[in-house]
Amino acid sequence: MYSRGLAAFCARPGIMELLEHLRRQFAYDAWANREVLAALNTGAQPAARPLQLLAHILSAERLWLERITHRPQSLPVWPDFTPERCQSEIAELARLWREFLGGLSPAGLSGNISYKNSKGDPWTSTVEDVLTHVLLHSAYHRGQIASQVRAGGGQPAYTDFIHAARQGLI
């Protein structure tokens, strides 16, 4: 019964397109994170809160990848990263997500992962839902960074998806 349901899922129109869409979205995510860091590095020293938010984005992305791949959490949810550490994390995460997504099958999107959240509560989610969450969580916090940079008189990074797509950046 399960294999028939799985076969029906994989035969569903658009499932391969969804996987390719997610791969493109993660390419955008890596680009946007690089743009944010570049904008934060235009001043003498990045403001503390925007840098904290970027570090949180990166740590959360790694945490979710570790959950999906059944690895222990390697970083705190709110790490204290330097701009240089953010740069290395962005590069490594882009590679790690590319590798993970490159090996993910359409059927793998519907797989469940069980994990405990930061409060210790147990949850189970599909890989597709986790991947969607990672992308939206990161975009949300990049918006917070942009607001804080603008409120501090700076120019935030231009990370609109359509800009990246139009310019062939992803």
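This passage walks through a helix pair, a handful of individual residues and two pockets in a predicted model.

A good place to start is the pairing of helices α3 and α5. Two packed helices are described by the angle between their axes and the distance between the axes. Here, the axes of α3 (48–68) and α5 (residues 127–151) come within 9 Å and cross at roughly 175°. Because angles over 145 degrees count as roughly antiparallel, α3 gets that label with respect to α5. On the α3 side, the contact is made by Arg49, Pro50, Leu53, Leu54, His56, Ile57, Ala60, Glu61, Trp64 and Ile68. On the α5 side, the list includes Val130, Leu131, Val134, His137, His141, Ile145 and Val149. Sorted by class, the contact has twelve nonpolar, seven polar and three charged residues.

Val130 is worth a closer look, as one of the α5 residues in that contact. Is Val130 buried or exposed? Its relative accessibility is 2%, so Val130 counts as buried. Setting aside neighbours within four places in sequence, the residues in contact with Val130 are Trp64, Ile68, Ile113 and Ser125. Two of these names, Trp64 and Ile68, also turn up on the α3 side of the helix contact. Val130 can be compared with Leu19 as well: the two are 111 residues apart in sequence, and their C-alpha atoms are 13 Å apart in space.

A little further along α5 sits Leu135. With a relative accessibility of 12%, Leu135 counts as buried too, since the cut-off for that word is under 20%. What does Leu135 touch? Apart from residues up to four places away in sequence, Leu135 touches Leu22, Gln25, Phe26 and Asp29, and these numbers fall within the range of α2 (15–40). Leu135 and Glu99 are 36 residues apart along the chain, with 17 Å between their C-alpha atoms.

Back on α3, two more residues have stories of their own. Ser59 belongs to this helix, and its 2% relative accessibility makes Ser59 buried. Leaving out residues up to four places away in sequence, Ser59 touches Leu75, Pro76, Val77 and Pro79. Arg62 is also found in α3. Arg62 carries a charged side chain by class, yet at 11% relative accessibility Arg62 counts as buried. Beyond residues up to four places away in sequence, its partners are Ser74, Leu75, Glu89, Glu92, Leu93 and Leu96. Leu75 thus appears among the partners of Ser59 and among those of Arg62.

The loop between α3 and α4 holds His70. Its phi is positive, about 60°, although His70 is not a glycine. His70 is exposed, at a relative accessible area of 63%.

Arg23, in helix α2, falls in the middle category: at 24% relative accessibility, Arg23 is partly exposed. Arg23 and Leu101 are 78 residues apart along the chain, but their C-alpha atoms are separated by 6.3 Å. Leu101 is also one of the residues in contact with Arg23, along with Gly102 and Leu104, once neighbours within four places in sequence are left aside.

Finally, the pockets. How much space lies in the largest pocket? The figure is about 380 Å³. Of the 24 residues that line this pocket, the closest to its centre are Ala39, Leu40, Val149, Gln155 and Pro156. Helices α2 and α5 are the elements that give two or more residues to the lining. The biggest share comes from α5, with six residues. By class, the lining of the largest pocket divides into twelve nonpolar, nine polar and three charged residues.

The second largest pocket has a volume of about 220 Å³. Its lining is made of 16 residues, and those closest to the centre are Phe26, Ala27, Ala30, Ala94 and Arg98. Which elements give two or more residues to this lining? They are α2, α3 and α4 (83–103). The lining of the second largest pocket has nine nonpolar, two polar and five charged residues. Phe26, listed here close to the centre, is also one of the residues that Leu135 touches.

Technical notes
Residues numbered from 1 in each chain as written. Predicted model: local features only at pLDDT ≥ 70, side-chain atom pairs only at ≥ 80, totals over all residues. Heavy atoms only, no water. Helix = DSSP H or I, 4+ residues; strand = E, 2+ residues; numbered from the N terminus. Buried < 20%, exposed > 50% of the residue type's maximum accessible area, 1.4 Å probe, protein only. Contact = heavy atoms within 4.5 Å. 1 Å grid on protein atoms, 1.4 Å probe; cavity = no way out; pocket = protein on both sides within 12 Å on 5 of 7 lines; lining within 4 Å. Points joined across faces, edges and corners; volume = space filled by probe spheres on them. Axes fitted to C-alpha atoms, helices over the stretch in contact; angles between N-to-C directions. Parallel < 35°, antiparallel > 145°, perpendicular 65-115°, else oblique.
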